[in-house]
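Visitor: Please show me the model. I would like each term set against its definition as we go.

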Amino acid sequence: MSRASARVPVRPRITVLGAGSWGTTFSKVLADGGSDVTIWARRPEVAKEIREAKRNSDYLPGVNLPLAVTATSDVAAALRDAQFVFVSVPSQSLRQNLEQIRDLIPAEVPVISLMKGVEKGTGLRMSEVLEEVLQIDRDRIAVASGPNLALEIAKEQPTAAVVSSTSLETAEAVAKVATNRYFRSFVNTDVIGTEFGGVLKNLIAVAIGIVDGVGYGENTKASIITRGLVEMTDFAVAYGGHPETLAGLAGLGDLIATSGSSLSRNNTAGRLLGQGYSFADVVKSMQQTAEGLASVAPVLALAAAKGVDMPICRQVSEVLAGTLDPKDIAPHLTTDDDSGPQGERTLDARQDDGGSALRRSLKRAFDQLRHRGRSS
Ligand SMILES: NC(=O)c1ccc[n+]([C@@H]2O[C@H](COP(=O)([O-])OP(=O)(O)OC[C@H]3O[C@@H](n4cnc5c(N)ncnc54)[C@H](O)[C@@H]3O)[C@@H](O)[C@H]2O)c1
Ligand SMILES: O=P(O)(O)OC[C@H](O)CO
């Protein structure tokens with residue numbers, strides 16, 4: 001090999017399943033980070049537009065995609081020779097999509113969920129559905145999450161995300177390809193906290209949308225964001241997540257972005273509900289996926305199974321069912337029982353005053369060392 005050819009950087013080959021607003025935007029992030037990206041689109045006309053015009057005008061009007069992004073509606077062709085596979089389809093359709101392509105995913109490559117939902121019926125997180133259907137080692141699976149409104153990123157506005165995997169080595173490899181001049185990926189190994197952060201902030205963003213639609217102001221919204229974060233943390237910790245993850249990009253960060261933006265589909269769905277539209281009308285009017293609407297029921301079932309009280313999420317489900325007037329959502333920010341005023345802190349902080357924060361830090365340091373040890 002000549003010295004010149006030895007210097008040519010190797011461009012990773014990446015496949016992104018799903019040509020909606022996030023799949024397409026993430027493809028741009030990856031291509032702008034130096035990868036060659038093939039998107040699988042369900043509709044041949046979407047694939048053709050991406051391939052030939054470098055546009056996806058249904059989802060990202062006015063955005064030019066890099067030359068290194070192409071697309072096909074032939075999923076076998078899309079997956080051939082992939083070195084990383086990112087998945088960005090609606091959560092409730094993930095299982096059905098994976099069942100059709102189970103045997104097409106190249107051996108050994110990392111598979112990364114870009115999705116923020118839990119599966120109705122099973123209550124499984126997306127990484128759990130990936131593991132179950134694809135029958136692959138969990139160390140090959142990663143999730144990416146954070147304050148990531150697609151259209152802002154497609155316009156190259158500076159943004160951070162977090163990539164999480166039980167294998168730090170996998171998280172780092174994925175974060176490396178998912179980093180460019182306007183998009184920075186951090187890493188962690190708390191998959192549970194990272195995934196649940198993304199799921200739960202959607203429900204709180206629906207609640208914020210509802211009170212916005214009713215016409216309530218900043219105090220109400222700040223109260224719901226703050227108490228919502230406590231609900232998110234209590235829930236995620238009950239399932240084994242770290243409270244710090246919920247205070248990070250995949251928790252608080254995403255909650256702020258989603259609750260504050262009219263670009264958010266969850267926030268928009270909530271606002272329509274608050275303005276008096278029925279759940280059926282809202283679903284009909286949404287052109288894109290608002291994951292929170294489908295996640296409310298499985299999240300409340302999971303919360304009940306661990307005895308976690310989630311008054312805000314419960315009220316969102318009552319508004320969706322039409323049994324609670326949207327204007328009555330905010331007064332019920334605490335558990336409505338007769339035992340007197342409720343403490344403000346998370347369950348974890350209340351139970352843990354005796355130094356378990358130190359224990360957790362030590363355990364995390366140990367986990368990281370163990371993962372590094374395995375990867376070296
Ligand atoms: N859009 C964002 O800003 C954003 C950001 C971060 C994460 N996410 C997450 O990414 C996931 C995908 O969201 P999105 O915004 O790309 O959604 P979207 O509605 O814009 O696109 C969904 C894509 O999935 C495809 N699809 C494949 N099988 C499908 C099926 N059976 N039914 C319906 N659509 C099917 C659609 O054709 C479409 O291309 C969601 O879990 C969402 O929470 C979205
Ligand atoms: O449009 P939403 O409500 O699905 O939110 C998009 C992203 O999850 C924001 O991080």
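Visitor: Which residue follows α3, and what is the sign of its phi?
Guide: Lys54 comes after α3, and its phi is positive, near 55 degrees. This is a predicted model, in which local features need pLDDT of at least 70 and side-chain atom pairs count only at pLDDT 80 or more, while totals for chains, interfaces and linings use all residues. Residues are numbered from 1 along each chain as its sequence is written, chains are lettered from A and ligands numbered from 1 in the order in which they are written.

Visitor: What makes α3 a helix in this numbering?
Guide: A helix is a DSSP run of H or I with at least four residues, a strand is a run of E with at least two, and both are numbered from the N terminus. α3 covers residues 44-53.

Visitor: Which residues of α3 are buried, and which are exposed on the other side?
Guide: Val46, Ala47 and Ile50 are buried, whereas Pro44, Glu45, Glu52 and Ala53 on the other side are exposed. Buried means that 20 or more other C-beta atoms, placed from the backbone, lie within 10 Å of the residue's own; exposed means 12 or fewer, and partly exposed is in between.

Visitor: Why are the buried residues of α3 placed on the same side?
Guide: Val46, Ala47 and Ile50 are the buried residues of α3. They cover an arc of only 100 degrees around the axis, so they lie on the same side of α3. The arc is taken over the directions from the helix axis to the C-beta atoms. An α-helix has 3.6 residues a turn, so residues three or four places apart point the same way. The cover over the buried residues of α3 includes β2 (36-40) and β3 (69-72).

Visitor: Why is Lys201 called buried?
Guide: Lys201 has 32 other C-beta atoms within 10 Å, so it is buried. Lys201 belongs to helix α9, and an unreviewed UniProt entry lists it under "active site". UniProt positions appear here in this numbering with shortened feature names, and annotations may be inferred rather than shown by experiment.

Visitor: Which residues does Lys201 touch?
Guide: Leaving out residues up to four places away in sequence, Lys201 touches Met232, Gly251, Asp254, Leu255 and Thr258. Contact requires C-beta atoms, placed from the backbone, within 7 Å.

Visitor: How do you know that the "binding site" residues do not all gather at one spot?
Guide: The unreviewed UniProt entry gives this annotation to Ser21, Trp22, Arg42, Arg43, Tyr59, Lys116, Ala150, Arg265 and Glu291. They span 271 residues in sequence and their farthest two C-alpha atoms are 22.5 Å apart, so they do not all gather at one spot.

Visitor: What class of burial do Arg42 and Glu291 have?
Guide: Arg42, in the loop between β2 and α3, has 15 C-beta neighbours inside 10 Å and therefore counts as partly exposed. Glu291, in helix α15, has 21 such neighbours and so counts as buried. Among the residues that Glu291 touches are Lys116 and Asn266.

Visitor: Which residues come nearest to ligand 1, and which to ligand 2?
Guide: For ligand 1, Gly20, Trp22, Ser93, Met115 and Ala150 come nearest among 24 residues. For ligand 2, Asn148, Asp254, Ser264, Arg265 and Asn266 come nearest among 14. A residue is near a molecule or strand if its C-beta atom, placed from the backbone, lies within 6 Å of it.

Visitor: How many residues of each class are in the two shells?
Guide: The shell around ligand 1 has nine nonpolar, twelve polar and three charged residues, and that around ligand 2 has four nonpolar, six polar and four charged. Nonpolar means Ala, Val, Leu, Ile, Met, Phe, Trp, Tyr, Cys and Pro; charged means Asp, Glu, Lys and Arg; the others, Gly among them, are polar.

Visitor: What are the domains, and how many residues of each are in contact with the other?
Guide: The protein is divided into domain 1 (12-189) and domain 2 (193-351), bounds that come from an automatic or database domain assignment. 27 residues of domain 1 are in contact with 27 of domain 2. On the domain 1 side, β7 gives the largest share, four residues. The C-alpha centres of the domains lie 26 Å apart.

Conventions: Contact = placed C-beta atoms within 7 Å.
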